[in-house]
Amino acid sequence: MKRYFVTGIGTDVGKTVAAAILTEALQADYWKPVQAGGLDFTDTDTVKSLVTHEQAVFFPEAYRLKMAASPHKAAAAEGIEIDVRNIKLPHTDHNLIVEGAGGLMVPLNKRYLVLDLVQQLGLEVVLVSRNYLGSINHTLLTAEVLRYRKIPVAGIIFNGEENASSEDFIVKYTGLRRLPSIRQEADFCKETVAEYAEQFKGYL
């Protein structure tokens, strides 16, 4: 059984699309433990709309927060504090894709980061990077903290416009396994996700 935690080098780098592709490729179930903002159409709803895997189970979030902000701030705005003891890996006999909130150093409460949640859940990471000015620094920092915490990384996905120089440097420097890239698309639909999913089969 394969279980992966999809994290990114920051916010809006393409974690949800990557999670949808992996869910499709692995015929997996999907879970987003913490959703902050976008409750009208959540990341779970997005993934559900993009996969053709009809047997997929979409587990409910442990926390659904109204404010589009760091989870600790979004929770505080509702007068609550996220209790990480409530965030338990759902039981499934299938492969499972778990999607994080923002990057690894995003706080869930006053003491606990997404990084700590990854360790608590005991999952292998798939790292999503996106090419922009500063992304090398953000990617190397993310890879370094994963290495420091001894968290296994299944591989790295580059999302968006290609930058061969940056991508080659990151892979060589970090030693991370390079997974298929997700390139800039005019629209991501079920057909596009299914095409990418075929590329990922056999990698994970």
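This short presentation describes how several helices are placed and packed in the structure shown above. Please keep in mind that the model is predicted.

I begin with helix α1, which spans residues 15–25. Eleven of the eleven residues of α1 are buried, so the helix is largely enclosed by the rest of the structure. The buried set includes K15, T16 and V17 at one end of the list, and T23, E24 and A25 at the other. Just after α1, Q27 adopts a positive phi of about 50 degrees.

One residue of α1 may serve as an example. A18 has its place in this helix. Its relative accessible area is 1%, and A18 is therefore counted as buried, a term that applies under 20%. Which residues touch A18, once its neighbours within four places in sequence are left aside? They are V128, I157 and I182. In addition, the C-alpha atoms of A18 and I156 are separated by 11 Å, although these two residues stand 138 residues apart along the chain.

I turn now to the partner of α1, helix α2, which covers residues 43–50. The axes of α1 and α2 are 9 Å apart, and the two helices pack at an angle of about 45 degrees. They are therefore oblique to each other. Their crossing is right-handed. On the α1 side, the contact is formed by T16, A20 and T23, and on the α2 side by D43, T46, V47 and L50. By character, the residues of this contact comprise three nonpolar, three polar and one charged.

Next, consider helix α7, residues 190–200. Where on α7 do the buried residues lie? The buried residues are T192, V193, Y196, A197 and F200. They cover an arc of only 140 degrees around the axis, which puts them on the same side of the helix. The face turned away from that buried side carries E191 and E195, both of them exposed. As for what covers the buried residues of α7, the list includes α1 and α2, already introduced, together with β8, residues 153–159. Just after α7, G202 takes a positive phi of about 95 degrees.

The last pair for today consists of α5 and α6. Helix α5 runs over residues 135–148 and helix α6 over residues 164–174. Their axes lie 11 Å apart, and the packing angle is about 20 degrees. Since angles under 35 degrees count as roughly parallel, α5 and α6 are therefore roughly parallel to each other. The crossing of α5 past α6 is right-handed. From α5, the residues I136, T139, L140 and A143 take part, and they meet S166, F169, I170, Y173 and T174 of α6. How many residues of this contact are nonpolar, polar and charged? Six are nonpolar, three are polar and none is charged.

Within that contact, S166 deserves a separate word. S166 lies in helix α6. Is S166 buried or exposed? With 12% relative accessibility, S166 counts as buried, because the limit for that term is under 20%. Apart from its neighbours within four places in sequence, S166 is in contact with N131 and I136. I136 is one of the α5 residues named a moment ago in the contact with α6.

To close, I return to α1: the helix is largely enclosed by the rest of the structure, and α1 is among the elements covering the buried residues of α7.

Methods: Residues are numbered from 1 along each chain as its sequence is written. This is a predicted model: local features need pLDDT of at least 70, side-chain atom pairs count only at pLDDT 80 or more; totals for chains, interfaces and linings use all residues. Side-chain values use heavy atoms; hydrogens and water are left out. Buried means under 20% relative accessible area, exposed over 50%, partly exposed in between (1.4 Å probe, protein chains only). Helices (H or I, at least four residues) and strands (E, at least two) are DSSP runs, numbered from the N terminus. The arc is that of the directions from the helix axis to the C-beta atoms. Contact means heavy atoms within 4.5 Å. Axes are lines fitted to C-alpha atoms, for helices over the stretch in contact, and angles run from 0 to 180 degrees between N-to-C directions. Angles under 35 degrees count as roughly parallel, over 145 as roughly antiparallel, 65 to 115 as roughly perpendicular and the rest as oblique. A crossing is left-handed if the near helix is turned anticlockwise from the far one by less than a right angle, and right-handed if clockwise. Ala, Val, Leu, Ile, Met, Phe, Trp, Tyr, Cys and Pro count as nonpolar, Asp, Glu, Lys and Arg as charged, and the others, Gly among them, as polar.
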